[in-house]
Amino acid sequence: MEKVAWLVLTVVTLVAAIAAQRSPRALAVGRVALAVYNVFAGALVNLIYLAAGATFATFADSAHVSFVRETWHSLVAPHQTFFIGLLIAFEATMGVLVFVGGRSAELGMVGILAMQACLLLFGWVLTVLAAVMVVAVGLLLRAQRRSDRTQQPLVPRRPRRLLPAG
């Protein structure tokens, strides 16, 4: 079931990200899809796996780089409760930041971009999914930055008074 959610949310995020280059409504849809992806299809799913006693020991078995496999097996797998707990907190936090909008959304998107960039190393299936998400989140970040730059502040700023040279 979670794989269907990942696929659907990835497609919605990508389509909305493409449309967000011209549509504020598409930016909102993309942000919500990305936030739901991270909070529910990411953090909550991993929390359920962890609580059910699932093992994450084989996650890096198909990694492209031996360093990733070896580090995963020697560091992450033996301490999966700690490291997956950190992942859950990170995914939930980034998702909430994206949902909040504005500069917070930008920060959340940068964090998600970094995570997706790391996932590029974890095997072909994740590489394809992460590559699509890197493009989608990058496009959403671009649209969000453009939106944030063009919005007027809620409280107009007073012009600064220049003091005479003295």
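## T127 in helix α6

T127 sits in helix α6, where helices are DSSP runs of H or I with at least four residues, numbered from the N terminus. T127 is buried, at a relative accessible area of 14%. Here buried means under 20% relative accessible area, exposed means over 50%, and partly exposed lies in between, for a 1.4 Å probe and protein chains only. A polar atom of the T127 side chain lies 2.7 Å from the backbone oxygen of G123. Setting aside residues up to four places away in sequence, T127 touches H64, L119 and L120. A contact is a pair of heavy atoms within 4.5 Å.

This is a predicted model, in which local features need pLDDT of at least 70 and side-chain atom pairs count only at pLDDT 80 or more, while totals for chains, interfaces and linings use all residues. Residues are numbered from 1 along each chain as its sequence is written, and side-chain values use heavy atoms, with hydrogens and water left out.

## L140 and R142, also in α6

Helix α6 also holds L140. The relative accessible area of L140 is 0%, so L140 counts as buried. Its contacts, leaving out neighbours within four places in sequence, are many to list: T13, A17, A20, Q21, L27, G30, R31, L34 and M109. One of these partners, R31, is 109 residues away from L140 along the chain. Even so, the C-alpha atoms of L140 and R31 are separated by 7.4 Å.

R142 belongs to α6 too. R142 has 48% relative accessibility and counts as partly exposed. Its side chain makes a polar contact of 3.4 Å with the side chain of Q21. Such a contact pairs N or O atoms within 3.5 Å; within protein, one must be able to donate a hydrogen and the other to accept it, and residues adjacent in sequence count only if both atoms are side-chain atoms. Q21 is also one of the residues in contact with L140. R142 and L120 are 22 residues apart in sequence, and their C-alpha atoms are 21 Å apart in space.

## L9 and Q116

L9 is part of helix α1. At 15% relative accessibility, L9 is buried. Beyond its neighbours within four places in sequence, L9 is in contact with A33, V36, Y37 and A41. Y49 lies 40 residues from L9 along the chain, and the two C-alpha atoms are separated by 20 Å.

Q116 is found in helix α5. Q116 counts as buried, at 2% relative accessibility. Neighbours within four places aside, Q116 is in contact with Y37, A130, M133 and V134. Y37 appears among the contacts of L9 as well.

## The two sides of α3

Helix α3 has V68, W72 and V76 buried. Viewed down the helix axis, these buried residues fall within an arc of 35°, so they line one face of α3. The arc is taken from the directions that run from the helix axis to the C-beta atoms. The other side of α3 has F67, E70 and S74 exposed. The buried residues of α3 pack against α4.

## The largest pocket

The largest pocket holds about 1100 Å³ of space. A pocket is an open set of points on a 1 Å grid over the protein atoms alone, where a 1.4 Å probe fits, with protein on both sides within 12 Å along at least five of seven lines; lining residues have an atom within 4 Å of a point. Its volume is the space filled by probe spheres set on the points, which are joined across faces, edges and corners.

The lining comprises 35 residues, and N46, F59, L87, L119 and L126 lie nearest the centre. Six helices each supply at least two lining residues: α1 (2-19), α2 (24-51), α3 (66-76), α4 (80-100), α5 (102-119) and α6 (124-150). By type, the lining has 26 nonpolar, six polar and three charged residues. Nonpolar covers Ala, Val, Leu, Ile, Met, Phe, Trp, Tyr, Cys and Pro; charged covers Asp, Glu, Lys and Arg; the others, Gly among them, are polar.

## The second largest pocket

About 210 Å³ of space lies in the second largest pocket. Its lining has 17 residues, with P24, L27, A143, R146 and S147 nearest the centre. The elements giving two or more residues to this lining are α2 and α6. Helix α6 gives the largest share, six residues. This lining divides into five nonpolar, eight polar and four charged residues.
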